[in-house]
Amino acid sequence: MQPIRILFISIEGNTRNFIEHLTDYAAQQHATDAANPTIEATEISEASDFQPETTPYFCFVPTYLNGGNGIDNGVKELMTNVLGEYIAFQNNARYLLGVVGSGNRNFNEQYCLTAKRYARQFNAPFIANYELRGVPADEKRVYAAMVARLKEVNGHVD
């Protein structure tokens, strides 16, 4: 199986930390069984050059709001917009397989709001979530969700 590609943005390091742990988990799974895919992750930031994507990927995005509650009085996203702009660039959205969100559960309905909005905007499923830096159980669950989505897309539903 090809490596799982991930595009992500990390503002305070939480998403980057989770991706590093998730990548390590995938490598362990691959070492146990070569049929388990590894992960190739790319961080998108304000310094990134936009490029046309040519292979499928997942995106990981935290939620940061600066105005509105995202439910009934609008939303003003903060700091993660460049990832959305990157996905919207040229035909990049058509390669988006799924969206994984993170945030702080204390924010209730706003938890993972940006990821849910990306899923709607780019017509891709919201496949998983985790809080802040995640825990090892989240790594296993998110990895399994990505593998299941790849199998679904490739017609290998178990």
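## Strand β4

In this predicted model, strand β4 is mostly covered, with 8 of its 8 residues buried. Parallel neighbours pair with β4: 6 bridges join β3 to β4, and 5 bridges join β4 to β5.

Individual partners can be located along these pairings. On the β3 side, Y57 has L96 of β4 as its bridge partner, and F60 stands opposite V100 in β4. On the β5 side, the bridge partner of G103 is E131.

## The sheet as a whole

The pairings of β4 belong to an open sheet of 5 strands, whose order is β2-β1-β3-β4-β5 and whose pairing is parallel. Strands β2 and β5 form the edges, each pairing on one side only. From one strand to the next, the twist averages 25°.

## Helix α1

Helix α1 comprises 19 residues, from 14 to 32. From its first C-alpha to its last, α1 reaches 27 Å, close to the 27 Å expected at 1.5 Å a residue.

The buried residues of α1 are N14, T15, N17, F18, I19, L22, Y25 and A26. The elements that cover them include the strands β1 (4–8), β2 (39–43), β3 (57–62), β4 (96–103) and β5 (126–131), together with helix α4 (136–153).

## Packing of α1 against α4

The axes of α1 and α4 come within 10 Å and cross at roughly 70°. An angle from 65 to 115 degrees counts as roughly perpendicular; α1 and α4 are therefore roughly perpendicular to each other. Their crossing is right-handed.

On the α1 side, the contact is made by F18, H21, L22, Y25, A26 and Q29. On the α4 side, the contributing residues are D138, E139, K140, V142, Y143 and M146. Among the α1 residues in this contact, F18, L22, Y25 and A26 also appear in the list of buried positions of that helix.

## T114 in helix α3

T114 lies in helix α3, which spans residues 113–121. The relative accessible area of T114 is 0%, and buried means under 20%, so T114 is classed as buried.

T114 can also be placed relative to G103, the β4 residue whose bridge partner in β5 is E131. T114 and G103 are 11 residues apart in sequence, and the distance between them in space is 9.3 Å, C-alpha to C-alpha.

Notes: Residues are numbered from 1 along each chain as its sequence is written. This is a predicted model: local features need pLDDT of at least 70, side-chain atom pairs count only at pLDDT 80 or more; totals for chains, interfaces and linings use all residues. Side-chain values use heavy atoms; hydrogens and water are left out. Helices (H or I, at least four residues) and strands (E, at least two) are DSSP runs, numbered from the N terminus. The expected span of a helix is 1.5 Å times one less than its number of residues. Buried means under 20% relative accessible area, exposed over 50%, partly exposed in between (1.4 Å probe, protein chains only). Contact means heavy atoms within 4.5 Å. Two strands pair if DSSP finds at least two bridges between them. Axes are lines fitted to C-alpha atoms, for helices over the stretch in contact, and angles run from 0 to 180 degrees between N-to-C directions. Angles under 35 degrees count as roughly parallel, over 145 as roughly antiparallel, 65 to 115 as roughly perpendicular and the rest as oblique. A crossing is left-handed if the near helix is turned anticlockwise from the far one by less than a right angle, and right-handed if clockwise.
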